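This report follows selected parts of one chain, beginning with an annotated segment and then turning to a sheet and a ligand site.

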Amino acid sequence: MKTMSIENIMRKSFETLSPEDDLQKAAELMRSIKLDVLPVTRKEDGRLLGIMTKANIYDAVSGGLPPNTLIKGLFRKKDIITLQKEMSYEDASQTVRKSQTGTAIVLDRNGKVTGIFTKAGWIMAMFHQEELLNSRLRAILDTMHNGLLVVDSDGFVTTVNAAAEKMLSVKFSRIKRKPVDSLLRNLHLGDVLTKGNVFIGIKQTVDCSALLCNVTPIISDSQISGAVIVFQDTTDIDQISSKLESVTKLYKTLDSIMEIAYDGIVVVDANGTISMVNRAAEDFFRIPSKKMIGRPVDKVIENTRLHVVAQTGVAEINQLQFIGGTPYAVSSLPIMREGRVIGAVGKILFRHLEEVRDLARKLEDLGHQRALYQNKIRDNQEGRFGFDRIVTSDPELKRIKEEAGVVAKRPSNILITGESGTGKELIAQAIHETGFCSKGLLVKVNCAAIPDNLLESEFFGYVPGAFTGAQNKGRKGKMVLADGGTLFLDEIGDMSLSLQSKLLRVLQEKSFEPLGSDKTTHVDPRIIAATNHDLERLVSEGRFRSDLYYRLNVINLHIPPLRDRAGDAQLLFHFFLEKYNRIFGTSIRKVSKNVREILDAHHWPGNIRELENVVERIANLARSEKVDVGDLPPYLKEQPGKRTSRDRSTSADKLLIKSRDQHEREVILTALEQAGGNKAKAARILGISRSWLYAKMNRVGL
Ligand SMILES: Nc1ncnc2c1ncn2[C@@H]1O[C@H](COP(=O)(O)OP(=O)(O)OP(=O)(O)O)[C@@H](O)[C@H]1O
């Protein structure tokens with residue numbers, strides 16, 4: 001707002017006198033323009049010479065001077081109050097205050113008279129100024145976020161601003177000239193109004209709102225004329241500060257967690273700029289956090305994807321990331337807020353992957369050893385060992401057991417074939433235990449479970465420093481562990497062609513070089529391989545080396561599936577019932593005729609493993625000592641037809657089974673066609689369960 005200058009409030013319409021004017025003219029002019037003072041100026045340049053006042057005229061007339069007397073000797077030349085027209089009102093009022101007449105002559109820069117500042121003009125200006133100040137004050141008060149109350153010296157409310165009306169839920173009209181105590185208490189107003197004390201930060205609660213009040217006296221002319229009470233609603237601030245406190249606590253907890261985390265943790269914002277790193281990450285990258293925070297993550301961390309995850313919002317778990325040529329397992333997770341990606345957090349697993357793998361391998365080995373010992377303990381408890389463990393009444397399997405017992409004594413390689421769960425590993429174990437190499441270890445390698453690139457070091461081991469991430473001490477391969485014992489190659493059909501070649505070389509030369517070494521290691525383990533694949537078919541398809549196949553297949557033991565074994569389903573059912581009776585302390589011994597029929601009729605795609613699972617389930621849930629159809633898992637109960645013992649595949653029946661399979665195949669194919677390939681629908685069309693359909697499809701080679 002512009003400050004008021006003298007020019008705005010001075011009187012511009014006036015007359016001037018010259019020293020040659022007479023008293024009469026002066027009196028007439030004063031009357032006509034209603035002024036008590038007239039400036040006397042020099043004719044040539046209008047500069048001020050003095051002033052002619054009403055008093056000067058009275059003095060002259062009462063002294064007997066005639067009206068035509070010139071004023072040159074009569075006007076006042078000294079103590080004239082003049083103002084510059086550019087002066088502010090405030091400065092001018094200070095000057096005019098000293099004037100007895102209350103009138104001042106306004107001059108321009110050249111000393112020429114440009115206006116007259118009169119008492120009346122001053123009063124008008126004061127009114128105007130007051131109005132201006134009042135409206136300014138009102139505007140300030142009403143735009144204030146804080147509440148404000150002004151009280152007079154008796155503590156009665158004189159002014160209230162809009163914020164106070166809102167906070168106290170009152171209208172000014174209702175509290176005007178009322179004691180402030182009715183609104184706010186304990187303000188120490190007595191001390192403020194009598195002693196002039198100031199109170200800051202008095203807490204009040206009004207209508208559940210927390211108010212913080214400052215009370216200050218108003219002092220004018222050394223008198224306490226009232227007090228100003230300014231207050232603010234701290235309810236929001238209190239809530240925010242308690243939220244801030246919990247956020248700070250959370251942040252500190254997060255910080256501590258990050259600090260103690262063994263893995264390196266890096267957090268980025270939505271733009272991929274690093275916002276947090278923990279000490280482990282600092283140590284790992286050998287960069288202080290100060291130099292990482294605030295920088296784009298891709299400029300700091302090699303091959304990072306954190307900035308990508310911060311954009312896509314798609315987590316990348318356990319990905320390989322090469323840093324300094326070494327692979328690390330890295331997980332990057334987006335940080336989401338209200339459905340928006342606001343950043344990402346990355347975790348770098350420091351341990352070299354090889355160490356982790358090694359640990360996994362050790363665990364796996366321990367697992368195998370544990371299983372081996374558990375079997376041994378169990379078998380010892382049951383008084384069984386070697387081939388005795390293989391329970392069967394089937395003449396074919398009995399023959400195989402005998403044959404295996406014979407070949408166990410000789411060093412020839414053995415290939416055991418048969419469906420999954422038929423007992424191939426059990427046979428391999430029995431051969432080892434009763435064979436010529438029983439003093440050594442039985443070392444199992446599951447060729448399907450270990451990734452191809454690891455299988456080589458798994459087999460042949462490596463020397464220290466063979467590759468990045470290799471253990472310092474190197475590692476013995478399974479070949480060496482099995483030396484003098486048995487190497488059981490399970491799932492051999494899943495081995496890659498390149499490893500097949502290497503294995504073949506070892507089988508032929510009985511020696512190999514561990515990874516990273518040029519020294520030859522000699523080994524001579526007995527090899528037993530097992531598979532549920534048709535190796536001959538794999539050979540014809542070029543997926544299995546024929547020379548390796550012939551090397552392994554010196555002795556072939558084909559274990560028949562459970563469905564083709566005479567009496568085994570029932571025999572093994574009882575065998576496993578006994579086992580679980582011992583474990584669970586139950587005494588289930590009887591089996592209903594219907595159950596027996598179902599056992600004989602079932603296809604047993606999972607073979608003995610499936611049968612054992614069925615028995616374990618029954619033993620767990622049994623309510624009586626007799627197993628009835630109701631105790632069987634639903635898929636067994638739903639079997640559509642029953643096979644009798646006559647259905648089993650003795651060699652004479654094989655033709656019959658083949659034609660039945662052929663027929664079933666056609667029926668299933670028709671149902672599948674009708675169901676548009678939907679197996680669940682096909683099962684419904686056939687009136688059998690889905691699992692039963694799968695079993696059938698498996699059996700008829702679909
Ligand atoms: N004749 C049997 N007598 C007693 N238990 C048996 C018999 N055959 C198999 N088992 C048991 O059935 C389970 C499966 O057997 P095993 O692991 O030897 O089968 P496998 O043919 O090697 O299976 P996969 O091909 O899936 O590895 C094992 O717990 C095993 O002890």
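## Annotated segment, sheet and ligand shell

Over residues 133-169 the chain is 49% helix and 27% strand, and the C-alpha atoms at the two ends are 27 Å apart. The model is a predicted one. In UniProt, an unreviewed entry places the feature "domain: PAS" at residues 133-169 and also at residues 250-295.

### The five-stranded sheet

Five strands make up an open sheet with antiparallel pairing, and their order is S12-S11-S15-S14-S13. Strand S12 (274-277) and strand S13 (316-323) stand at the edges, and because each has a single partner strand, one side of each is left without a neighbour in the sheet. From one strand to the next, the twist averages 25°.

Three of the pairings in this sheet are set out below, each with one bridge that serves as a landmark for locating the register in the structure.

| Strand pair | Sense | Bridges | One bridge pair |
|---|---|---|---|
| S13 and S14 (residues 326-337) | antiparallel | six bridges | glutamine 321 and tyrosine 328 |
| S11 (residues 264-269) and S15 (residues 340-349) | antiparallel | six bridges | aspartate 269 and glycine 343 |
| S14 and S15 | antiparallel | nine bridges | alanine 329 and leucine 349 |

Strands S14 and S15, which pair over nine bridges, also form a hairpin with two residues between them. Within that turn, glutamate 338 has a positive phi of about 50°. On the other face of the pairing scheme, strand S15 is joined to strand S11 over six antiparallel bridges, while strand S14 is joined to the edge strand S13, likewise over six bridges in the antiparallel sense.

### The ligand shell

Which residues are the closest to the ligand? The ligand is surrounded by 17 residues, and the closest are Ser420, Gly423, Lys424, Glu425 and Ile608. Helix H16 (424-434) and helix H24 (607-621) are the elements that give two or more residues to this shell. Sorted by class, the shell holds five nonpolar, seven polar and five charged residues.

Where does the ligand lie with respect to domain 4 and domain 5? Both domain 4 (354-558) and domain 5 (563-650) give residues to the shell, and therefore the ligand lies between them.

Notes. Residues are numbered from 1 along each chain as its sequence is written. This is a predicted model: local features need pLDDT of at least 70, side-chain atom pairs count only at pLDDT 80 or more; totals for chains, interfaces and linings use all residues. Two strands pair if DSSP finds at least two bridges between them. Helices (H or I, at least four residues) and strands (E, at least two) are DSSP runs, numbered from the N terminus. Axes are lines fitted to C-alpha atoms, for helices over the stretch in contact, and angles run from 0 to 180 degrees between N-to-C directions. A residue is near a molecule or strand if its C-beta atom, placed from the backbone, lies within 6 Å of it. Ala, Val, Leu, Ile, Met, Phe, Trp, Tyr, Cys and Pro count as nonpolar, Asp, Glu, Lys and Arg as charged, and the others, Gly among them, as polar. Domain bounds come from an automatic or database domain assignment. UniProt positions are given in the numbering used here, feature names are shortened, and annotations may be inferred rather than shown by experiment.
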